[in-house]
Amino acid sequence: MYRFLLSRQWVILTLVALLLIPTMIRLGIWQMHRYEQRTARNELVSEALAAEPVPVTRLTAPGHEVGAGERYRRVTARGHFDTDGEVVVRRRTNADEQVGYHVLTPFVLADGKVLLVNRGWIPGDGLGRQAFPPVPAPPRGEITVTGRLMPDETTEASGIKDLKGLPDRQVMLIDSEEQARRLGAPVLGGYVVQTAPEPKGGTPQLIGEPGRENAALNYAYAVQWWLFAAGVPVGWFVLVRREARERAEAAAKRGTGEPEEAEGETDDTDNTDDADDAEGAERASV
């Protein structure tokens with residue numbers, strides 16, 4: 001009854017089903033890992049932003065690599081801006097997806113160490129690639145800056161290629177070690193995204209808080225893939241039963257027709273015999 005499963009068509013269909021099941025299970029596991037990662041990141045961001053700000057020197061130092069537990073932590077620093085060492089970071093977008101620059105200004109602490117401060121976004125409309133954009137001046141004198149601590153940027157983490165041969169005072173990535181070599185000064189590892197004081201006139205535009213990732217979507221995708229994996233054998237079984245039923249019905253129809261054909265053949269034989277008897281009688285009478 002199920003010998004049709006050995007046909008080429010059904011062998012291929014069965015192999016495809018067997019390959020789909022583990023593939024979908026693994027995709028569901030991958031989505032669950034993404035859910036866990038995003039959930040952990042959201043918790044980290046929430047805890048870091050809710051914590052009281054601490055002096056930046058408690059969390060970083062020259063040559064220090066800012067870790068995941070220090071990322072987004074609110075920090076403060078007291079010192080003054082050094083606009084002579086200021087650079088702009090190319091190809092950055094604001095909340096409206098407009099392309100421009102981030103303004104990166106060295107902030108000199110009382111002990112001579114330097115903190116890189118991302119003061120915010122400025123537009124780049126109408127500027128040539130070689131031109132340095134007009135940058136609003138920061139507050140003068142000694143001030144206290146508050147912001148979120150961030151690790152150095154890398155191509156792997158950001159997806160931004162670190163192009164070489166850029167115009168003077170323009171960079172693609174924020175790298176504290178590179179800026180330390182350029183400035184010839186001890187630069188604290190990582191950088192700070194400024195949140196206070198707010199700039200006069202609203203420019204540069206302060207960078208908003210990091211968004212929360214939609215972890216629930218990954219959870220839903222994981223469940224979806226696992227439902228698909230469970231549906232494959234069910235669908236295969238339904239197709240097999242339907243094929244077997246159709247073949248059985250076709251065989252039953254063929255079986256019903258055969259006796260009719262046999263009975264018809266018997267009637268034809270009897271008629272032939274009667275004709276032969278009549279013909280014999282005529283010959284005898286002659």
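Over which residues from 280 onward does pLDDT stay under 50, and how many contacts beyond four places in sequence does the model have for them? The stretch is residues 280–286, and the model has zero such contacts for these residues. This is a predicted model, and a second stretch, residues 257–269, likewise stays under 50 in pLDDT, with zero contacts beyond four places in sequence.

These stretches may be set against the confidence of the protein chain, which averages a pLDDT of 87, with 87% of the residues scoring at least 70. Confidence is lowest in helix α4 (residues 215–285), where the mean is 72, and highest in strand β2 (residues 74–81), at 98.

The aromatic residues offer a further route through the model, which holds four aromatic pairs. One of them joins Phe-81 and Phe-107 edge-to-face, with 4.9 Å from centre to centre and 70° between the planes. This pair links distant parts of the chain, for Phe-81 belongs to strand β2 and Phe-107 to strand β4 (residues 99–109), 26 residues apart. Both Phe-81 and Phe-107 are buried.

Another pair is formed by Trp-225 and Phe-228, which counts as edge-to-face because the ring planes stand at 85°, with the centres 5.9 Å apart. Trp-225 and Phe-228 are three residues apart in helix α4, so about one helical turn separates them. Trp-225 has a relative accessible area of 27% and is therefore partly exposed; Phe-228, at 41%, is partly exposed as well.

Charged groups also meet aromatic rings. The charged end of Arg-119 sits over the ring of Phe-81, 5.8 Å from its centre. The charged end of Arg-169 sits over the ring of Phe-132, at 4.2 Å from the ring centre.

Note on methods:
Residues are numbered from 1 along each chain as its sequence is written. This is a predicted model: local features need pLDDT of at least 70, side-chain atom pairs count only at pLDDT 80 or more; totals for chains, interfaces and linings use all residues. Side-chain values use heavy atoms; hydrogens and water are left out. pLDDT is the predictor's confidence in each residue, from 0 to 100. Helices (H or I, at least four residues) and strands (E, at least two) are DSSP runs, numbered from the N terminus. Contact means heavy atoms within 4.5 Å. Rings of Phe, Tyr and Trp (its six-membered ring) pair if their centres lie within 6.5 Å; planes under 30 degrees apart count as stacked, over 60 as edge-to-face and the rest as tilted. Buried means under 20% relative accessible area, exposed over 50%, partly exposed in between (1.4 Å probe, protein chains only). A charge sits over a ring if NZ of Lys or CZ of Arg is within 6 Å of the ring centre and within 35 degrees of the ring normal.
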